[in-house]
Amino acid sequence: MTTLLRALLLACCLMMLTGCGSIISRTLPGQGHGNQYYPGVQWDVRDTPWRFLTIIDLPLSLVLDTLLLPVDAHHGPYE
């Protein structure tokens with residue numbers, strides 16, 4: 001039972017990380033670095049000591065950024 005509980009807790013933690021780069025690059029000033037399209041992916045591929053989280057977040061940011069392409073086309077660069 002404890003193994004199942006640990007796996008469930010890990011899955012919940014991973015789900016909380018979904019789209020993190022996409023959300024940060026669109027909401028915090030200066031985090032988009034002027035990237036109009038796929039700012040979350042650009043934010044994830046920067047050089048950082050947290051690369052292991054980037055491996056988890058990159059595919060999720062790619063999906064979220066793809067879904068938000070119409071918003072990005074209308075919004076313009078995130079500065």
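Pro59 is a residue of helix 4, the helix formed by residues 51-67, and the model in which it is seen here is a predicted one. This briefing takes Pro59 and its helix in turn, and then the largest pocket, to whose lining helix 4 gives the most, with three residues.

**Pro59 and its surroundings**
- Pro59 counts as partly exposed because its relative accessibility is 44%, a value that falls between the 20% limit for buried and the 50% limit for exposed residues.
- Asp44 stands 15 residues from Pro59 along the chain, and the C-alpha atoms of the two are separated by 9.8 Å.

**Helix 4**
- Shortly before the proline Pro59, helix 4 has a kink of about 40°, which lies at Asp57.
- For the 17 residues of helix 4 the expected span is 24 Å at 1.5 Å a residue, and this agrees with the end C-alpha atoms, which are 24 Å apart.
- The buried residues of helix 4 are Thr54, Asp57, Ser61 and Asp65, and what covers them includes helix 2, helix 3 and helix 5, the last of these comprising residues 69-75.

**The largest pocket**
- The largest pocket holds about 160 Å³ of space, and among the eleven residues that line it, Cys20, Trp43, Trp50, Leu53 and Thr54 lie nearest its centre.
- Helix 2 (20-27), helix 3 (39-44) and helix 4 each supply at least two residues of this lining.
- Sorted by class, the lining of the largest pocket consists of six nonpolar, two polar and three charged residues.

Key. Residues are numbered from 1 along each chain as its sequence is written. This is a predicted model: local features need pLDDT of at least 70, side-chain atom pairs count only at pLDDT 80 or more; totals for chains, interfaces and linings use all residues. Side-chain values use heavy atoms; hydrogens and water are left out. Helices (H or I, at least four residues) and strands (E, at least two) are DSSP runs, numbered from the N terminus. Buried means under 20% relative accessible area, exposed over 50%, partly exposed in between (1.4 Å probe, protein chains only). On a 1 Å grid over the protein atoms alone, a cavity is a set of points where a 1.4 Å probe fits but cannot get out, and a pocket is an open set with protein on both sides within 12 Å along at least five of seven lines; lining residues have an atom within 4 Å of a point. Grid points are joined across faces, edges and corners, and a volume is the space filled by probe spheres set on the points. Ala, Val, Leu, Ile, Met, Phe, Trp, Tyr, Cys and Pro count as nonpolar, Asp, Glu, Lys and Arg as charged, and the others, Gly among them, as polar. The expected span of a helix is 1.5 Å times one less than its number of residues. The bend at a residue is the angle between axes fitted to the seven residues ending there and the seven starting there. Contact means heavy atoms within 4.5 Å.
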